[in-house]
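Student: I should like to learn how to read a structure of this kind. May we go through it feature by feature?

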There are 2 protein chains.
Amino acid sequence: MTTEHETRAQTDRELCGLINGLAKQIEAHLRTRASALGLTASQGAALRELTRPMTLRELAERMSCEPSNATFVADRLEEQGYLERHPHPGNRRAKQLVLTPEGAELRERLLGMLSEDSPLAPLASEEQDALRRLLARAVIR
Amino acid sequence: MTTEHETRAQTDRELCGLINGLAKQIEAHLRTRASALGLTASQGAALRELTRPMTLRELAERMSCEPSNATFVADRLEEQGYLERHPHPGNRRAKQLVLTPEGAELRERLLGMLSEDSPLAPLASEEQDALRRLLARAVIR
DNA sequence: CTAGAACGATTCTAATTGCAATCATTTGAG
DNA sequence: CTCAAATGATTGCAATTAGAATCGTTCTAG
């Protein structure tokens, strides 16, 4: 006999695989577009998440990576002239990452490219909303 | 004015962040449990996916990683005596990865630990099913 | 049959990532 | 006020990962 918690555990495992697979698909999609702009996937992710000036820690959280990696990525973007580290107003420990005009322009180009052939395109708008609600309930913020 | 495809693109970006975040949560959850058994996160993922004997390529696909990494992980598991590479019946190129009794036992222990405090626990069974359907529609198999 | 393409696994290398330690700054308990 | 703990960023190092090249096997067009 198959107990209820066994099937639950199985669904749970299936979901892990699906979520991981979709995350990899999204990353691959990002990688190809970023690469066309001379960026790594991580640099592309950083650019995508920099919707406004933010601290390095906040960028790391939005990228779901360690701050040390965000530092590494920010270094590269800074070298390429796409962002600057400004002193944070009101907290001398923190730095504010600010896109340069070139960085902002590159970001727009990247976003345009990302919206084409998105891995999430097979889903209708209502489905995307439903997915967002479900994920938001599971993700720890 | 905000056009329709702009809000769609924004939802799309939000979803990318949520999916990536959840994937990282799942991996972190797996990492702690695997670590308690003396395994790396990847080894844990391999064990989780080895529901039956399969080729290295199939394992790599289920783990959403490159075959070279699956080789690496299988090497470690084999060294530790948890799996064996058997000749594949009917295809001399392929090898069949088979869990040893110790490996199968370890897998059961890991699965038990993984079902506790799963990151997906906040979702009710119906929600998990809904999530599974949505993801299955987006993921390329 | 028989090349040539495709496939499965492996190796090697380079790049990415996480983790622990460090430094400067800030916060808060007493 | 003051000192210990916490925070933000960075560095160095180790481990993981992806990507290209290689080797043996299998498939297939002609």
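Student: Which residues are the closest to DNA strand C, and how many surround this strand?

Tutor: Please note that this is a predicted model. A residue is taken as near a strand if its C-beta atom lies within 6 Å of it. Here 21 residues surround DNA strand C, and the closest are Ser68(A), Arg92(A), Thr55(B), Arg57(B) and Ser68(B).

Student: Which helices supply at least two residues each of the surface near DNA strand C?

Tutor: They are H4 of chain A, and helix H3 (56–63) and H4 of chain B. The largest share, four residues, comes from H4(B). By class, this surface has six nonpolar, eight polar and seven charged residues.

Student: Which residues come nearest to DNA strand D?

Tutor: Of the 22 residues around DNA strand D, the nearest are Thr55(A), Arg57(A), Ser68(A), Ser68(B) and Arg92(B). Helix H3 (56–63) and helix H4 (67–79) of chain A, along with helix H4 (67–79) of chain B, each supply at least two residues of the surface near this strand. H4(A) gives the largest share, four residues. The surface near DNA strand D divides into six nonpolar, eight polar and eight charged residues.

Student: How should I read a sheet, and in what order do the strands of chain A lie?

Tutor: Strands of a sheet pair through backbone hydrogen bonds, either parallel or antiparallel. In chain A, three strands form an open sheet in the order S1-S3-S2, with antiparallel pairing. Strand S1 (54–55) and strand S2 (83–87) of chain A are the edge strands, as each pairs on one side only. Five bridges join S2(A) and strand S3 (residues 95–99) of chain A in the antiparallel sense. Within S3(A), Leu97(A) is the residue opposite Arg85(A).

Student: Which helix packs on this sheet?

Tutor: H4(A) does, touching S2 and S3 of chain A. The direction of H4(A) makes about 110 degrees with that of S2(A). H4(A) also supplies residues to the surface near DNA strand D.

Student: How many residues does each chain give to the contact between chain A and chain B?

Tutor: The contact takes 41 residues from chain A and 41 residues from chain B. On the side of chain A that touches chain B, helix H1 (4–36) and helix H6 (125–138) of chain A each supply at least two residues. The largest share, 18 residues, comes from H1(A).

Student: How does that side of chain A divide by residue class?

Tutor: The residues there are 21 nonpolar, ten polar and ten charged.

Conventions: Residues numbered from 1 in each chain as written. Chains lettered and ligands numbered in written order. Predicted model: local features only at pLDDT ≥ 70, side-chain atom pairs only at ≥ 80, totals over all residues. Contact = placed C-beta atoms within 7 Å. Nonpolar A, V, L, I, M, F, W, Y, C, P; charged D, E, K, R; others polar. Pairing = 2+ DSSP bridges. Axes fitted to C-alpha atoms, helices over the stretch in contact; angles between N-to-C directions.
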